[in-house]
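Here's a quick tour for anyone meeting this structure for the first time. Have a look at it, then read on.

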Number of protein chains: 2
Amino acid sequence: MATIQDVAKHAQVGVGTVSRVLSGKGYVKEETRQKVQASIDELNYTPNEMARNLFFQKSGIVAVIVPEVAHPFFAQFVNAAEMVLCEKGYQTMICNTYYEQNYEQRYLEMLKRRRVDGIIFGAHTVLDISQYENIRLPIVALDRDLGKNIPRVSVDHRAGGRIAAEELIRSGCRNVLQFVGAKRGTEVSTPANGRHDVFEETMKQHGIPCRSIGVKWPTADISYYQTVASRLLEDYPDIDGYFATDLMSMAILQSALLHRKRIPEALKLITYDGTNGIGLTFPRITAIVQPIERLASEAVQLVVDLIEGKSVEHRKVELQAVLRPGDTTIKGNP
Amino acid sequence: MATIQDVAKHAQVGVGTVSRVLSGKGYVKEETRQKVQASIDELNYTPNEMARNLFFQKSGIVAVIVPEVAHPFFAQFVNAAEMVLCEKGYQTMICNTYYEQNYEQRYLEMLKRRRVDGIIFGAHTVLDISQYENIRLPIVALDRDLGKNIPRVSVDHRAGGRIAAEELIRSGCRNVLQFVGAKRGTEVSTPANGRHDVFEETMKQHGIPCRSIGVKWPTADISYYQTVASRLLEDYPDIDGYFATDLMSMAILQSALLHRKRIPEALKLITYDGTNGIGLTFPRITAIVQPIERLASEAVQLVVDLIEGKSVEHRKVELQAVLRPGDTTIKGNP
């Protein structure tokens, strides 16, 4: 099997020149480049990528860390991130944290050891932010505050919460309920919580009672949602408007239809996220849709810029979620 | 920063002994192991993983190649595979092929260059099987025939197709339609097609007309399913039973409810796959449920066995799909 030395000898150039041709970095005369390429082809030389990456101190891998790939939001996010990373010449490593912090620590170590070139953190885990303060490595946070040094990509969740509240108010709700992260107030700092604060405030401004019920962090376990939803109509018979994320919203709709609730007359529902599957229910659920594919491409662009040593000017990227009217709120002017 | 030589010197052993302690491979006296570990701790030695992996010719990475992670089946499969790989000490790399063969070729090259230790192929791409004939590398196929040398994990799809057909017949269907891969007969060999053959045969045996409509390979693009579903009721007014995969089934249900079809009286529906979200529709769709998590753990076990040089006795793992009765077929004896 041919080595890089064989190629250099065959092309009558130095090993460094072959290296530059292989990496595409550094100046090589076009004529020389062609000569080297011809030798590579003739000797059927396959560079040992691991050795090469060790030489360049690059793994070519970006890790995307999420709570659970099976959750529709993260499935779409990871899907889109992989596509953009692939276009930019990077491979995608994934890690489900299942809300355990140890993986986060492990990946930070991997980053320090250059086993991965960069990390996109989409997990709501609970590592102390101070651990990130002194890190100068390519890390991008999705929907999470990791201190002032770590760039963040997120949606303007406060605006999203306001749109949801206004749509339920416009539809005539008098008594609403929203689902929030289980340990609200104690959990990790995420801008996603902003929507709950604004939702509550907006209801308060309109004199509408608003309950906030804690649920587990996003999970793909649908039996959990079904269990919660099955108790709702009994436990909260007076609620006429719900605000929840996609899988919970589907479970609420299923339970409400099973109990022959008239929708949207007796019960209104708005879902947050707007992942693929939510578009296939009947009645269609009114949704606040997050631009998941754009969140992914912005996160990838930031992490690749950091890896390539470019300055990252916009450290906070904030996109807009939009209302997609469905059949679970009142159409037009009620 | 401490090197492996520093650790060896400090523990008064050879570098090879430190290596064996780090890798956990080869015999080291317990007393010596503890001495080395104490030196590692005292010197705060962090092994350079890439250098170490180069030494052991191991990347510690398994690639999972699927058409599209955003598709519910593959989202669940990748999620479960990552979890089991993580338990076994491997990192998971993912690749969406979007049905293009070039990625398949690229990952085979990566495997040859030991950039990844193994591959789980879950993609229905179209590389010539002969390319796999002479490969003796850790590759496991999900739902796909890659020649006699590549172990395969799949479901007994023929049995799945029979169960679906019998359930529709039992429910009184007189005229059925199933959705099959777009280029049936010309596409890559996958045991998943077996369900369509058996579905058709079973209907034929009962004298029930059965149409087979070609659709795109699984995609997460729901607007595609909605477009197809929206035409169905008009184009095939006489069909009283459908057999489709999850997202298409949801789209059919949505369209049927929109057109006020009585379900299950006027229209029966059975879905194939039984991914998470399909459990949240109303009415609940009768499903043939694939054991996705077990498919993933079996695939991981096989690929890890191959990586570790163990003999893989059961080269074909075939699991069973099961019927989960819902509201879209007739309950009990009709």
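## Two helices that cross

In this predicted model, helix α10 (residues 222–235) of chain A and helix α11 (residues 246–258) of chain A have axes that come within 8 Å and cross at roughly 45°. An angle like that makes α10(A) and α11(A) oblique to each other, and the crossing is right-handed.

Who does the touching? On α10(A), the contact residues include Y225(A), V228(A) and L232(A), and on α11(A) they include L247(A), A251(A) and I252(A). Counting up the residues of this contact gives 10 nonpolar, 4 polar and no charged.

## A sheet shared by two chains

Next, the strands. An open sheet of 12 strands, with mixed pairing, runs from β11(A) through to β11(B). Those two, β11 (316–319) of chain A and β11 (316–319) of chain B, are the edge strands, each pairing on one side only. On average, neighbouring strands are turned by 20° against each other, ignoring direction.

So where do the chains join up in this sheet? Strand β2 (residues 91–96) of chain A pairs with strand β2 (residues 91–96) of chain B, antiparallel, over 3 bridges. For instance, I94(A) has T92(B) as its bridge partner in β2(B). Helix α5 (residues 72–87) of chain A packs on the sheet, and among the strands it touches are β1 (61–66) of chain A and β2 of chain B.

## How the copies relate

A turn of 179° with a shift of 0.0 Å along the axis lays chain A on chain B, with an RMSD of 0.2 Å. The two copies are thus related as by a two-fold rotation axis. The same surface serves both: 100% of the contact residues of chain A recur in chain B.

Definitions and conventions: Residues are numbered from 1 along each chain as its sequence is written. Chains are lettered from A and ligands numbered from 1 in the order in which they are written. This is a predicted model: local features need pLDDT of at least 70, side-chain atom pairs count only at pLDDT 80 or more; totals for chains, interfaces and linings use all residues. Side-chain values use heavy atoms; hydrogens and water are left out. Copies are superposed by least squares on the C-alpha atoms of residues with pLDDT of at least 70 in both. Contact means heavy atoms within 4.5 Å. Axes are lines fitted to C-alpha atoms, for helices over the stretch in contact, and angles run from 0 to 180 degrees between N-to-C directions. Helices (H or I, at least four residues) and strands (E, at least two) are DSSP runs, numbered from the N terminus. Angles under 35 degrees count as roughly parallel, over 145 as roughly antiparallel, 65 to 115 as roughly perpendicular and the rest as oblique. A crossing is left-handed if the near helix is turned anticlockwise from the far one by less than a right angle, and right-handed if clockwise. Ala, Val, Leu, Ile, Met, Phe, Trp, Tyr, Cys and Pro count as nonpolar, Asp, Glu, Lys and Arg as charged, and the others, Gly among them, as polar. Two strands pair if DSSP finds at least two bridges between them.
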